[in-house]
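This report describes a single protein chain for a reader at the bench, going from the overall fold to individual residues. Please keep the sequence and the structure in view while reading.

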Amino acid sequence: MRNAALMLGVNGGIMAIVIGFFSYGYTEVIDTYGEIEGIAEQVDRYQLIRTVSFLAPILAIAGGSMARARALWGGILMLISGCMMLYAYNFNVFTMFPIGFVILGGVLAVAAG
């Protein structure tokens, strides 16, 4: 279970990096160039999106990397990361795999710990 948690956490974290780049970039472009009515509008909680875009992939990769040596700590970090992504990005077609991988890896790591 520890190896599965490691793989799920690291892979989910790498996918979360891609989601984070696009999310942070979108909010930055809208801040810089302004909104286009009906096409591109600023999100309500853009500071939350920016913070989660940075922290969630780091926590997921760190938790996945810790899963073999310190399964409980790594699992807690992955669960925090998954909950942060779920709260900030919501569950949709682009976020379902990073959120699913990280939360499943966290559950497996906590169970192994």
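A contact here means that heavy atoms lie within 4.5 Å. Counted in this way, and taking contacts in the chain with a separation of 6 or more, 70% are accounted for by residues 24 or more positions apart. The model is a predicted one, and the values that follow are computed from it.

**Overall fold**

The chain contains four helices and zero strands, and when it is read along the sequence its pattern is α-α-α-α. Taken along the principal axes, the C-alpha atoms fill a box of roughly 50 × 20 × 15 Å. Of the 113 residues in the chain, 35% count as buried, while the accessible surface comes to about 6,500 Å², with 70% of that area belonging to carbon and sulfur atoms. As for charge, the chain has 5 positive and 6 negative charges, and the mean positions of these two sets are 31 Å apart.

**A salt-bridge network between two helices**

General chemistry gives the background to this section: side chains of opposite charge can pair when their charged atoms come close. How many salt bridges does the count come to? The count comes to two, and they are set out below.

| Salt bridge | Closest N and O atoms |
|---|---|
| R50 with E28 | 3.3 Å |
| D31 with R50 | 2.8 Å |

The pair of D31 and R50 links distant parts of the chain, since D31 belongs to helix α1 and R50 to helix α2, with their positions 19 residues apart in the numbering. Through shared partners, the salt bridges join E28, D31 and R50 into one network. The residues of this network can also be described by their accessibility: R50 counts as buried because its relative accessibility is 12%, which is under the 20% limit. E28, by contrast, is partly exposed, with a relative accessible area of 34%, and D31 is likewise partly exposed, at 43%.

**A buried serine in helix α1**

Helix α1, which covers residues 2-33, also holds S23. Is S23 buried or exposed? With a relative accessible area of 16%, S23 is buried, because the term applies to values under 20%. If residues up to four places away in sequence are left out of the count, S23 touches I49, S53 and Y89.

**A nonpolar patch on the surface**

Turning to the surface, L72, W73, I76, I80 and V110 make a nonpolar patch of about 450 Å². Which helix gives the most to this nonpolar patch? Helix α3, residues 71-89, does so, with four residues. I76, one of the residues of the patch, is found in helix α3 and is partly exposed, with a relative accessible area of 40%. This value fits membership of the patch, because patches are made of residues with over 30% relative accessible area.

**A positive phi in a loop**

One backbone angle deserves a separate look. Most residues other than glycine have a negative phi. The phi of N90, however, is near 65°, a positive value in a residue other than glycine. N90 has its place in the loop between α3 and α4, the latter helix covering 96-112, and N90 is partly exposed, with a relative accessible area of 45%.

Notes:
Residues numbered from 1 in each chain as written. Predicted model: local features only at pLDDT ≥ 70, side-chain atom pairs only at ≥ 80, totals over all residues. Heavy atoms only, no water. Patch = residues over 30% accessible without salt bridge, like charges linked within 9 Å, V, L, I, M, F, W, Y side chains within 5 Å. Areas by Shrake-Rupley, 256 points an atom, 1.4 Å probe, with all protein chains shown as cover. Salt bridge = Lys/Arg side-chain N within 4 Å of Asp/Glu carboxyl O. Helix = DSSP H or I, 4+ residues; strand = E, 2+ residues; numbered from the N terminus. Buried < 20%, exposed > 50% of the residue type's maximum accessible area, 1.4 Å probe, protein only. Lys, Arg positive; Asp, Glu negative; His and termini not counted. Charge placed at Lys NZ, Arg CZ, Asp CG, Glu CD.
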